[in-house]
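The following exercises introduce the structure shown below. Each task is followed by a solution that proceeds step by step.

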Amino acid sequence: ETFWQRWQSPATVYMLTRRSAYDQLAADHRGRFILLGEVGKNVLLTNNEPPATGNMTPANVAPINTGTE
């Protein structure tokens with residue numbers, strides 16, 4: 001199973017990528033992308049809407065400092 005097959009499946013998939021790659025994917029209409037958060041030049045995306053309840057909202061997602069930025 002390829003990444004894009006899984007991305008387009010009903011399963012929830014997450015992608016961490018550069019903002020520039022996200023912008024290009026969105027421009028190419030490569031799939032459905034829901035932006036969950038952005039830190040520096042990186043974005044966290046998913047293919048499904050997060051649940052309406054719970055703590056997984058962009059305001060509650062803490063950035064991870066890897067010291068590489």
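A residue is called buried when its relative accessible area is under 20%, exposed when it is over 50%, and partly exposed in between, using a 1.4 Å probe and protein chains only. The model is a predicted one, in which local features need pLDDT of at least 70, side-chain atom pairs count only at pLDDT 80 or more, and totals for chains, interfaces and linings use all residues. Residues are numbered from 1 along each chain as its sequence is written, and side-chain values use heavy atoms, with hydrogens and water left out.

**Exercise 1. Overall description**

Task: State which helices and strands the chain contains and in what order they run, and describe its surface and contacts.

Solution. Step 1: Helices (H or I, at least four residues) and strands (E, at least two) are taken as DSSP runs, numbered from the N terminus. On this basis the chain has two helices and three strands, arranged α-β-α-β-β from the N terminus on.

Step 2: The chain has 69 residues, of which 20% count as buried. Its accessible surface, computed by the Shrake-Rupley method with a 1.4 Å probe (for residues, only the protein chains shown count as cover), comes to about 5200 Å², and carbon and sulfur atoms hold 53% of that surface.

Step 3: A contact means heavy atoms within 4.5 Å. Among the contacts in the chain with a separation of 6 or more, 46% are between residues 24 or more positions apart.

**Exercise 2. The salt bridges of Arg19**

Task: Determine which residues are linked with Arg19 in a network of salt bridges.

Solution. Step 1: A salt bridge is a side-chain nitrogen of Lys or Arg within 4 Å of a carboxyl oxygen of Asp or Glu. The whole structure holds three salt bridges.

Step 2: Arg19 forms a salt bridge with Asp23 through their side chains, at 3.0 Å from N to O. Both residues belong to helix H2 (residues 19–27) and are four residues apart, about one turn of the helix. Asp23 is partly exposed at 38% relative accessible area, and Arg19 is partly exposed at 28%.

Step 3: The side chain of Arg19 also meets that of Glu38 in a salt bridge, at 2.9 Å from N to O. This pair links distant parts of the chain, with Glu38 in strand E2 (residues 34–39) and Arg19 in helix H2, 19 residues apart. Glu38 is partly exposed, at 42%.

Step 4: Arg19, Asp23 and Glu38 are thus joined in a network of salt bridges.

**Exercise 3. Glu49 and Arg32**

Task: Explain why the salt bridge between Glu49 and Arg32 ties together parts of the chain that are apart in sequence.

Solution. Step 1: The two side chains meet at 3.4 Å, N to O. Glu49 lies in the segment after strand E3 (42–46), whereas Arg32 lies in the loop between H2 and E2, so the pair ties together parts 17 residues apart in sequence.

Step 2: Glu49 is exposed, with 53% relative accessibility, while Arg32 is partly exposed, at 47%.

**Exercise 4. The surroundings of Thr17**

Task: Is Thr17 buried or exposed, and with which residues is it in contact?

Solution. Step 1: Thr17 belongs to strand E1 (residues 14–18) and is buried, at 17% relative accessible area.

Step 2: Leaving aside neighbours within four places in sequence, Thr17 is in contact with Tyr22, Lys41, Asn42, Val43 and Leu45.
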